[in-house]
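Me: I am new to this structure and would like to go through it in questions and answers. Please show it before we begin.

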There are 4 protein chains.
Amino acid sequence: MSDIKDLERRVLAFRDERAWAQFHTPKDLAMSLSIEAAELLELFLWKKPEEPVDHERIREELADVLFSALLLASHYQIDVHKAVVDKLAKTAEKYPVDKSYGSNKKYTEHT
Amino acid sequence: MSDIKDLERRVLAFRDERAWAQFHTPKDLAMSLSIEAAELLELFLWKKPEEPVDHERIREELADVLFSALLLASHYQIDVHKAVVDKLAKTAEKYPVDKSYGSNKKYTEHT
Amino acid sequence: MSDIKDLERRVLAFRDERAWAQFHTPKDLAMSLSIEAAELLELFLWKKPEEPVDHERIREELADVLFSALLLASHYQIDVHKAVVDKLAKTAEKYPVDKSYGSNKKYTEHT
Amino acid sequence: MSDIKDLERRVLAFRDERAWAQFHTPKDLAMSLSIEAAELLELFLWKKPEEPVDHERIREELADVLFSALLLASHYQIDVHKAVVDKLAKTAEKYPVDKSYGSNKKYTEHT
């Protein structure tokens, strides 16, 4: 079985054991995703690139981000694998290799 | 093959075709994840729960979130499936069913 | 004296007593602003509009947001009062009253 | 007159000319603050500290952050100057000079 589908089943079971679906409007799930992403970001705050970070906490905060992302995907019945594959194809059009190779510019700044 | 691993391989290939690894410090990837999460959140801004949202845009912004998340997981060689399974077990301890059933309180507010 | 200038002086003094300027790159200050904004947002998570929120915590998180914002303004020698006045004028062009009255649409969706 | 109060009056007037108060629940204002903070953050994405950033855009995004912050302050009748002064006093207790001088550690990591 798909391991994404397996994770989706697990987060839905976790939610349903606690009767949390009533709070999980898509708006709140999107908020939750932003909040968890900020907690991950905080692990890098005030640090130089070469400073060590706590890998275990990164792993946990990333899992929290995915928890919200999977609940949101499930709410909209989004096939996560297909969504990423399709978006890569679309982004490839905005960032063609010849214009974006070795460049950190946003596509709106391409000349 | 695992479909998460398949996605990881695709996002890494996308990055490497464009020689973007040089910009993708973990700190910048964590920033990117927060920024993409905010773009997803914006789709719900000023809207009542019952107002329609653009599903296709949600699907795309969610894919962008996952793009950054997968690059970060790959950087730290995090097994995404295992990370989520482990975190659910840990969160289950903070939110035991008897204390959290039907409750929207944070675990720090449990009595 | 301007009370914005007074606050700027206080946050700079707070920073300098602790020798924190060395960590406060503008990139890190912008990260900090996002992180504090997410902590404020978390106070509303999973809550219906009519549910009570903790006013004192909102006041504190809002102050944290302003702390980062004022340090960033100071770094770039931005006159905060003038910046807001100028931006309101610019936003008024994107959102003219006749097109935006009573509407929650983004200007890109105006017909 | 206080220049913070002057800005508050201007953002409220801007809102009321457009009849936007109906959309501006505190929850949505907090979302808006996070979203604007992320737009500011994006200006630093993928950039090394020494790379130039567009000052004018920073000034504008910072103004957008303050727009949301001031509307939120106004909603809760928060005296912004006093809130920041009070929070600095509280943060000074968490970060006493002797423990935090020249340190980028979070107070929870102080020994």
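Reply: Contact here means heavy atoms within 4.5 Å. The model is predicted, so that local features need pLDDT of at least 70 and side-chain atom pairs count only at pLDDT 80 or more, while totals for chains, interfaces and linings use all residues. Residues are numbered from 1 along each chain as its sequence is written, chains are lettered from A and ligands numbered from 1 in the order in which they are written, and side-chain values use heavy atoms, with hydrogens and water left out.

Me: Leaving aside neighbours within four places in sequence, which residues are in contact with C:Leu62?
Reply: Once the neighbours within four places in sequence are set aside, C:Leu62 has partners in its own chain and in chain D. The residues in contact with C:Leu62 are C:Leu40, D:Leu33, D:Ala69, D:Leu72, D:Ala73 and D:Ile78.

Me: How many residues are in the largest nonpolar core?
Reply: A nonpolar core is a set of buried Ala, Val, Leu, Ile, Met, Phe, Trp, Tyr and Cys residues joined through side-chain atoms within 4.5 Å, where buried means under 20% relative accessible area with a 1.4 Å probe, protein chains only. Among the members that touch the most others are C:Leu62, C:Leu33 and D:Leu33. The number of residues in this largest core is 146.

Me: What area do chain B and chain A bury between them?
Reply: Buried area is the accessible area (1.4 Å probe) that two parts lose on being put together, summed over both. The contact takes 62 residues from chain B and 62 residues from chain A, and 70% of the buried area lies on carbon and sulfur atoms. The area that they bury is about 5700 Å².

Me: How many salt bridges does the rule find across the interface of chain B and chain A?
Reply: A salt bridge is a side-chain nitrogen of Lys or Arg within 4 Å of a carboxyl oxygen of Asp or Glu. B:Lys90 and A:Glu60 meet in such a bridge, at 2.7 Å from N to O. Across this interface the number of salt bridges is 6.

Me: Which residues of chain C lose the most area to chain A?
Reply: Chain C and chain A bury about 1400 Å², with 76% of it on carbon and sulfur atoms, and the count of salt bridges between them is 0. Three residues together account for 42% of what the side of chain C buries, and they are C:Met31, C:Ile35 and C:Trp46.

Me: How are chain C and chain A related?
Reply: Superposed by least squares on the C-alpha atoms of residues with pLDDT of at least 70 in both, chain C is laid on chain A with an RMSD of 0.0 Å by a turn of 180 degrees and a shift of 0.0 Å along the axis. The two copies are therefore related as by a two-fold rotation axis.

Key: Buried < 20%, exposed > 50% of the residue type's maximum accessible area, 1.4 Å probe, protein only.
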